Amino acid sequence: MIDIQTQFVKNVLEGAGLSLKDSGSAFAPSNIALSKYWGKRDPELNLPINSSLSISLGNLGTKTKIRLADADSVSLNGTPVDLNDGFAIRTLEFLKLFPMVGTHFEVRTENNIPTAAGLASSASGFAALVLALNDLAGWELGGRMLSMLARLGSGSASRSIFEGFVQWHAGNCDDGSDSFAEPFSKPWNEFRIGILELSNARKPVGSRDGMNRTVQTSELYKSWPAQANRDIETIRTAIHTQDFPTLGKAAENNALAMHATMMSAWPPLLYLQPESIEMIHQVQRVRAEGLEVYLTIDAGPNIKLLFLEENESQVAAAFPRLQVIQPFG
Ligand code: PMV
């Protein structure tokens, strides 16, 4: 019996030609959600309960090179990865969905972001893998199709196919054919993101298990889909009118509301570390002093700051370990 993911891939690739090259390579940016994806309505097809909206991180992300081989091999930043390692398992399992391209692959991955530290390396990883496959196989798929394939690897990967501001539409269909991401809006050149890397330890509960536990056990989760829908609309409008305070407030509130649903799950999911809490207080302090800076947090301890170019030197002074990213740089 053909499984549901294999059937989905077949549907997406229907009509695409196959013109194999020696190797395929691609880059995909990491992305940070301003309105988060948390909760699946279909775990196999990675269909989300709510839509989400993100910003891609310019040249921070994953570069992947792939070729057909006699035996599987995976490397990460130049070092061979044991095939029993979770990273290699997820990569090779994903590639099994594409038997029409080949049976064994050599995959070389270069990440310039820490793996599994809440900086969404799985997003850029699966997006780069799909883009590299598209290059290798000569499918010439459009963004929407590439986004749906990347979604099978990791939900947030559907957004990493694109640059800039991106919305992943949750969709309604059970077959997953209307759940894809697309970019919108013109660049906002003054937009800055600051990464406060507080820990690059692997998180104890991955986002897949974390969101399933939240959906199943958190009473607060019931209010989440409506909040996410509201926040997306607020943020989309704020992007169009370049109303930074409105965007920042909605993004920060969205992230903390997601963490409230996590904490109210059972067993509780507490991704924040003492340093994260300290930084949340620090953001509130400097904002009370008049500095226009907001934060967002994913399923990990690291804090991402949102601010505009005009405040960059003041934000950097208040947060000395900050790594500043120009998403439209
Ligand atoms: O794509 P996943 O399964 O790694 O889940 C991502 C979940 C969050 O990062 C917490 C939110 C988001 O929208 O990126």
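Begin by selecting domain 1 and domain 2 together in this predicted model, since the first thing to look at is the area buried between them, which is about 3000 Å², with carbon and sulfur atoms giving 67% of that area. The size of an interface is often given as the accessible area lost when the parts come together.

To set up the two selections, take residues 4-183 for domain 1 and residues 191-325 for domain 2, as the domain assignment gives them. Across the contact you should find 28 residues from domain 1 and 44 residues from domain 2, and if you place a centroid on the C-alpha atoms of each domain, the two centres lie 24 Å apart.

Next, select Leu34, Lys36 and Trp38 on the domain 1 side, where these residues supply 29% of the area that domain 1 buries against domain 2, more than any other three residues.

Keep Lys36 in view and add Asp298, because the side chains of this pair meet in a salt bridge, with 2.7 Å from N to O, and the count of salt bridges between domain 1 and domain 2 is one.Now move to the surface and select Leu18, Leu20, Leu68 and Met100, which form a nonpolar patch with about 330 Å² of accessible area together. Within this selection, centre on Leu18, which is placed in the loop between helix H1 (4-13) and strand E1 (23-35). Is Leu18 buried or exposed? Neither word fits fully, as Leu18 is partly exposed, with a relative accessible area of 47%.

Note on methods:
Residues are numbered from 1 along each chain as its sequence is written. This is a predicted model: local features need pLDDT of at least 70, side-chain atom pairs count only at pLDDT 80 or more; totals for chains, interfaces and linings use all residues. Side-chain values use heavy atoms; hydrogens and water are left out. Patches are made of residues with over 30% relative accessible area and no salt bridge: like charges are joined within 9 Å, nonpolar side chains (Val, Leu, Ile, Met, Phe, Trp, Tyr) within 5 Å. Accessible areas come from the Shrake-Rupley method with a 1.4 Å probe; for residues, only the protein chains shown count as cover. A salt bridge is a side-chain nitrogen of Lys or Arg within 4 Å of a carboxyl oxygen of Asp or Glu. Helices (H or I, at least four residues) and strands (E, at least two) are DSSP runs, numbered from the N terminus. Buried means under 20% relative accessible area, exposed over 50%, partly exposed in between (1.4 Å probe, protein chains only). Domain bounds come from an automatic or database domain assignment. Contact means heavy atoms within 4.5 Å. Buried area is the accessible area (1.4 Å probe) that two parts lose on being put together, summed over both.
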